[in-house]
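User: I am new to this structure and would like a close look at one part of the interior, and at how that part is set into the rest of the chain. Please take it step by step and say how far the model can be trusted.

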Amino acid sequence: MEDRRRSKRLDLSGEIIIKELGTNTATSCDIKITDASSAGIGFSTDKQLTIGDNYEANLTIWTKEVLHVFIQIVRAKKDGDEYHYGGSFIGMPEDVKKRIDVYELVEDEKAKLAGENK
């Protein structure tokens, strides 16, 4: 099957910050990021989120640097006790996008080298 995604998907780890509108209390929960690109992420968690809502998230990239981003949930699917979400990055600064782009390049080169060494 042909991959028609605009950007390569990357594996990262992170957490999502859940803050209800009009309150000062926020909770965070770990998320399992299944794929990520400079346009958005796919992730799983046991927390129910709302399609169309915006959330803060902290993503840890390969350098162990934490990127603070904002995500709008665009799709959701429940599978047992776990929820799978797709989210688009909103208001992401260009320097953060560039860090993700660099990570894509590094991962591409690693994959090429691994393929040559087989």
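Analyst: In this predicted model, a useful place to begin is Tyr-85, which counts as buried, with a relative accessibility of 2%. Its ring has a partner in Tyr-83: the two ring centres are 6.1 Å apart and the planes meet at 20°, and because planes under 30 degrees apart count as stacked, this pair is a stacked one. Tyr-83 is itself buried, as Tyr-85 is.

How many aromatic pairs does a search of the whole structure find? There are two, and besides the pair just described there is one between Phe-43 and Tyr-85, with centres 5.5 Å apart and an angle of 35° between the planes, which makes it tilted. Phe-43 belongs to strand β3 (residues 40–45) and Tyr-85 to strand β6, so this contact between rings ties together parts of the chain that lie 42 residues apart in sequence. Phe-43 is buried as well, with a relative accessible area of 1%. Taken together, the ring pairs join Phe-43, Tyr-83 and Tyr-85 into a cluster.

The two strands that carry the tilted pair can now be followed outwards. On the side of Phe-43, strand β3 runs antiparallel to strand β2 (residues 26–36), and four bridges join the two. The connection between β2 and β3 is a hairpin that passes through three residues, and within the pairing Asp-35 stands opposite Gly-42 of β3. On the side of Tyr-85, strand β6 covers residues 82–89 and has the highest mean pLDDT among the elements of the chain, at 94. The lowest mean, 74, belongs to strand β1 (residues 13–19). Over residues 1–5 the pLDDT falls below 50, and beyond near neighbours in sequence this stretch has one contact in the model, a reason to read that end of the chain with caution.

Strand β6 also takes part in covering the helix: what lies over the buried residues of α1 includes β6 and β5 (66–79). Those buried residues are Val-96, Ile-100, Tyr-103 and Glu-104. As for the spacing of such positions, an α-helix has 3.6 residues a turn, so residues three or four places apart point the same way. The length of α1 fits a regular helix, since its 23 residues should span 33 Å at 1.5 Å a residue, and the C-alpha atoms at its ends are indeed 33 Å apart.

Both salt bridges of the structure, two in number, can be described along this helix. In one, the side chains of Glu-94 and Lys-97 meet at 3.9 Å from N to O; the two residues are three apart in helix α1 (residues 94–116), which means that about one helical turn separates them. Glu-94 is partly exposed, with a relative accessible area of 48%, and Lys-97, at 28%, also counts as partly exposed. In the other, Glu-109 bridges to Lys-112, with 3.6 Å between the closest N and O atoms, and here too the residues are three apart in α1, or about one helical turn. Glu-109 is partly exposed, its relative accessible area being 42%.

A further buried position lies in another strand. Leu-59 is found in strand β4 (residues 54–60), and with a relative accessible area of 0% it is buried. The C-alpha atom of Leu-59 is 7.6 Å from that of Val-69, although these residues are 10 apart along the chain.

To place this part in the whole, the chain has six strands and one helix, arranged along the sequence as β-β-β-β-β-β-α. Of its 118 residues, 34% count as buried, and the ring cluster of Phe-43, Tyr-83 and Tyr-85 belongs to that share, since Phe-43 is buried and so are Tyr-83 and Tyr-85. Among contacts with a separation of 6 or more, 48% are between residues 24 or more positions apart, and the pair of Phe-43 and Tyr-85 also links parts distant in sequence, by 42 residues. As to confidence overall, the mean pLDDT of the chain is 80, and 83% of its residues reach 70 or more.

Notes:
Residues are numbered from 1 along each chain as its sequence is written. Side-chain values use heavy atoms; hydrogens and water are left out. pLDDT is the predictor's confidence in each residue, from 0 to 100. Contact means heavy atoms within 4.5 Å. A salt bridge is a side-chain nitrogen of Lys or Arg within 4 Å of a carboxyl oxygen of Asp or Glu. Buried means under 20% relative accessible area, exposed over 50%, partly exposed in between (1.4 Å probe, protein chains only). The expected span of a helix is 1.5 Å times one less than its number of residues. Rings of Phe, Tyr and Trp (its six-membered ring) pair if their centres lie within 6.5 Å; planes under 30 degrees apart count as stacked, over 60 as edge-to-face and the rest as tilted. Two strands pair if DSSP finds at least two bridges between them.
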